[in-house]
Amino acid sequence: PSVPRHTNRLINEKSPYLLQHAHNPVDWYPWGQEAFDKAKTENKLIFLSVGYSTCHWCHVMEEESFKNKEIGEIMNEHFVCIKVDREERPDVDKVYMTFVQATSGGGGWPMSVWLTPDLKPFAGGTYFPPEDGVHRVGFRTVLLRIAEQWKENKDALLESSQRILEALRHTSEIRVQGQESPPPPKEVMDTCFQQLSRSYDEDYGGFSKSPKFPTPVNLNFLFTYWALRRTTPEGARALQMALHTLKMMAHGGIHDHIGQGFHRYSTDQHWHVPHFEKMLYDQGQLAATYSRAFQISGDEFFADVVRDILLYVSRDLSDQAGGFYSAEDADSYPTTTSREKREGAFCVWTAEELRALLPDPVEGATEGTTLGDVFMHHYGVEEAGNVDPMKDPHQELKGKNVLIARCSPELTAARFGLEPGRLSALLQECQQRLSSARAQRPRPHLDTKMLAAWNGLMISGFAQAGAALAEQGYVSRAAQAAAFLRAHLFDPESGRLLRSCYRGKDNSVEQSAVPIQGFLEDYVFVIQALFDLYEASLEQGWLEWALHLQHMQDKLFWDPKGFAYFSTEAGDPSLLLRLKDDQDGAEPTPNSVTVTNLLRAACYSGHMDWVEKAGKILAAFSERLQKIPITLPEMARATAVFHQTLKQVVICGDPQGEDTKEMLHCVRSVFSPNKVLMVADGDSAGFLYRQLPFLSSLERKDGKATAYVCSNFTCSLPVTSVQELRGMLSP
């Protein structure tokens with residue numbers, strides 16, 4: 001490669017996204033004091049650009065504007081330019097995204113915001129084309145206009161930015177309003193179900209026409225709603241909505257039928273043409289959700305999807321030290337000689353390519369049938385490509401096919417005169433062949449940043465899958481990743497989590513010069529993961545660490561005045577707002593998940609003040625939960641769990657004994673949203689016995705493994721039969 005003509009300060013950063021911009025002609029600074037001081041000293045405005053390394057439109061804006069020498073000169077002359085990786089600094093992203101959404105009615109990445117030297121926003125948007133067009137003002141024009149305004153109307157701009165900040169402070173505040181009790185669960189659950197039911201797509205599943213996101217939070221809500229209302233028509237509909245959505249997603253092009261795993265979202269109603277990036281947080285949550293679908297339905301189809309996701313993550317998103325990488329890009333070079341990246345190039349096929357790779361005649365099928373015929377029919381391949389031009393504005397997918405399972409195995413088998421079992425083997429052979437062919441293509445960029453929060457979601461995925469599918473290998477992988485977090489994203493001296501670490505040279509694990517401290521989401525998702533891992537592995541060390549982190553979370557983030565947790569800790573002067581997220585999106589909002597975490601923590605420790613805290617969070621969000629619970633389905637779900645009271649399922653027995661294992665398998669195979677599992681193994685010096693003295697009074701009956709189902713530390717009569725235990729587990 002030729003020597004780059006420009007190098008800026010981002011060359012010293014660890015984030016893959018910041019390093020992508022290290023050779024722009026723009027004099028980029030990372031977020032920090034050096035940039036803030038320069039803006040104040042030179043009395044310059046700040047241009048803040050926020051994105052992430054697998055963001056398609058971020059790449060487009062870089063190619064068009066940030067690599068343009070003339071635009072770079074305008075930026076350097078009039079502004080102090082700061083680049084932020086939103087995955088590394090969700091705190092900075094959230095403050096300014098709140099501003100962009102409030103002032104423009106929309107948001108997204110890349111996010112472009114102009115700030116006064118004291119960091120107050122006054123203008124912003126997302127992607128800007130470089131030059132003026134018919135419908136949009138170009139980036140060059142915007143830069144020059146804003147620079148002119150700063151010269152001519154500085155006082156008015158400063159005044160306006162102060163007013164905007166005050167308004168944002170006021171509108172973004174979430175606190176208890178007078179009434180201090182959690183909202184009524186039945187009303188919240190029913191309203192949330194009705195709102196989801198109205199937005200549900202009866203044909204293709206999912207909850208909008210397009211674009212369509214996987215939204216595991218909606219599906220998990222529906223599973224809990226079904227579990228609590230399983231004998232009602234509404235309960236039956238909730239389950240049907242969730243399972244149908246999961247099936248349609250797995251058949252769709254959003255699911256990578258050759259390389260496994262799920263893409264970020266579908267651009268159409270049919271789950272067909274995806275936005276091709278793959279995010280770790282989706283894989284973690286979907287592995288857990290498909291595991292629950294398997295627990296509930298017993299249908300191996302869902303278990304196979306779980307295995308598919310975890311194969312992808314183990315192969316393509318795993319660091320050899322045990323952590324998980326963040327994402328794979330949507331764009332890649334179509335061939336090794338291509339000069340330009342294209343979206344989806346790694347994943348799509350022409351009919352001609354498939355025919356050439358799958359020419360073999362199929363024995364026993366209708367005469368003249370080749371492997372290619374069977375595969376192309378099953379996956380909806382068309383000669384001219386199967387992508388609707390309306391979904392391909394840049395013509396990047398012209399003539400290409402995105403694989404989507406168009407037929408049931410039975411229909412495809414019947415079409416070619418095959419046995420369904422034989423079809424499955426043929427399709428598998430085709431997939432392996434195409435996988436080998438795809439391995440010759442240039443791979444998309446891999447973001448090798450490792451984030452505590454997303455690693456937490458993925459550990460939960462592996463742990464829950466290991467428990468539900470009785471696959472010990474998945475539990476071991478979850479434990480390996482948790483040990484990685486402890487080694488690389490936890491500071492034992494301060495007892496605090498760190499946000500991120502990075503794959504360095506020679507595959508070492510590196511940390512930035514000044515490590516980024518963990519945010520609320522890091523604590524919440526890691527604590528959830530450690531509880532899930534304890535229930536799957538019964539290693540009490542994970543439980544002990546989870547309770548330590550919960551105490552630390554309380555200390556750093558709890559709002560004693562308005563209740564609930566702030567997303568960031570106090571004391572960072574560069575953050576203008578301390579916010580509480582109020583919407584479950586691609587990931588659930590941390591306050592939603594922490595309600596269940598607190599209830600679990602109380603069950604494992606006996607600290608009932610955690611139950612009180614959970615109630616206070618629900619009280620703080622009460623108005624939203626009663627009016628528009630569809631924006632907080634995970635918290636709506638937690639409202640029901642809070643009022644139901646968690647069941648403590650205690651198994652007294654030797655964890656290695658067959659009778660204990662049988663009982664554990666029973667507990668893990670049943671979907672019960674309001675239980676915690678623990679094993680009383682008789683070790684009175686162990687961590688659990690020290691936390692919960694009542695365990696000492698529980699004993700085995702007739703020398704057999706014995707189960708007790710307890711509520712608020714009061715226990716049922718002992719049971720030794722698996723059938724009896726199963727009956728006691730339903731909500």
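**Exercise 1. The annotated span and the domains**

Which residues does UniProt list for "domain: Spermatogenesis-associated protein 20-like TRX"? Describe that span, then place the assigned domains.

*Solution.* Start with the ground rules. This is a predicted model, in which local features need pLDDT of at least 70, side-chain atom pairs count only at pLDDT 80 or more, and totals for chains, interfaces and linings use all residues. Residues are numbered from 1 along each chain as its sequence is written, and side-chain values use heavy atoms, with hydrogens and water left out.

Step 1: The UniProt record, an unreviewed entry, lists residues 7-168 under that name. UniProt positions are given in the numbering used here, feature names are shortened, and annotations may be inferred rather than shown by experiment.

Step 2: Residues 7-168 are 49% helix and 17% strand, and the end C-alpha atoms of the span lie 37 Å apart. Helices (H or I, at least four residues) and strands (E, at least two) are DSSP runs, numbered from the N terminus.

Step 3: The protein is divided into domain 1 (10-172), domain 2 (347-440) and domain 3 (648-729), with bounds from an automatic or database domain assignment. Taken over C-alpha atoms, the centres of domain 1 and domain 3 are separated by 56 Å.

**Exercise 2. Cysteines, paired and unpaired**

How many disulfides does a search of the whole structure find? Work out the pairing and the burial of the cysteines.

*Solution.* Step 1: The search finds 2 disulfides, each being a pair of cysteine sulfur atoms within 2.5 Å.

Step 2: Cysteine 55 is joined to cysteine 58, with 2.2 Å from S to S. The torsion about their S-S bond is about 85 degrees, so this disulfide is right-handed. For burial, use these cut-offs: buried is under 20% relative accessible area, exposed is over 50%, and partly exposed is in between (1.4 Å probe, protein chains only). Cysteine 55 is buried at 2%, and cysteine 58 is buried at 2%.

Step 3: Cysteine 710 is joined to cysteine 715, with 2.1 Å from S to S. This link is right-handed too, with 95 degrees about the S-S bond. Cysteine 710 is buried at 1%, whereas cysteine 715 is partly exposed at 27%.

Step 4: In sequence order, the bonded cysteines pair 1-2, 3-4. Cysteine 81 is in no disulfide; its nearest cysteine sulfur, that of cysteine 58, is 16 Å away. Cysteine 81 is buried, at 1% relative accessibility. Cysteine 666 is in no disulfide either, and the nearest cysteine sulfur, that of cysteine 652, is 15 Å away. Cysteine 666 is buried, with a relative accessible area of 1%.

**Exercise 3. The second largest pocket**

Which helix gives the largest share of the lining of the second largest pocket? Build up the pocket from its volume to its lining.

*Solution.* Step 1: The second largest pocket holds about 950 Å³ of space. Its lining has 29 residues, and the closest to its centre are Asp304, Asp308, Tyr379, Gln428 and Gln431. On a 1 Å grid over the protein atoms alone, a pocket is an open set with protein on both sides within 12 Å along at least five of seven lines; a cavity is a set of points where a 1.4 Å probe fits but cannot get out, and lining residues have an atom within 4 Å of a point. Grid points are joined across faces, edges and corners, and a volume is the space filled by probe spheres set on the points.

Step 2: Helices H10 (233-251), H12 (300-316), H15 (409-415) and H16 (420-438) each supply at least two lining residues. The largest share, 9 residues, comes from H16.

Step 3: The lining divides into 12 nonpolar, 12 polar and 5 charged residues. Here Ala, Val, Leu, Ile, Met, Phe, Trp, Tyr, Cys and Pro count as nonpolar, Asp, Glu, Lys and Arg as charged, and the others, Gly among them, as polar.

**Exercise 4. The cavities**

How many cavities of 30 Å³ or more are there? Describe the lining of each.

*Solution.* Step 1: The count comes to 2 cavities.

Step 2: The largest cavity has about 750 Å³ of space. It is lined by 37 residues, with Arg292, Gln464, Asp532, Arg600 and Arg637 nearest its centre. H11 gives the most to this lining, 7 residues.

Step 3: The second largest cavity has a volume of about 90 Å³. Its lining includes His255, His257, His263 and Cys347, and divides into 6 nonpolar, 4 polar and 2 charged residues.
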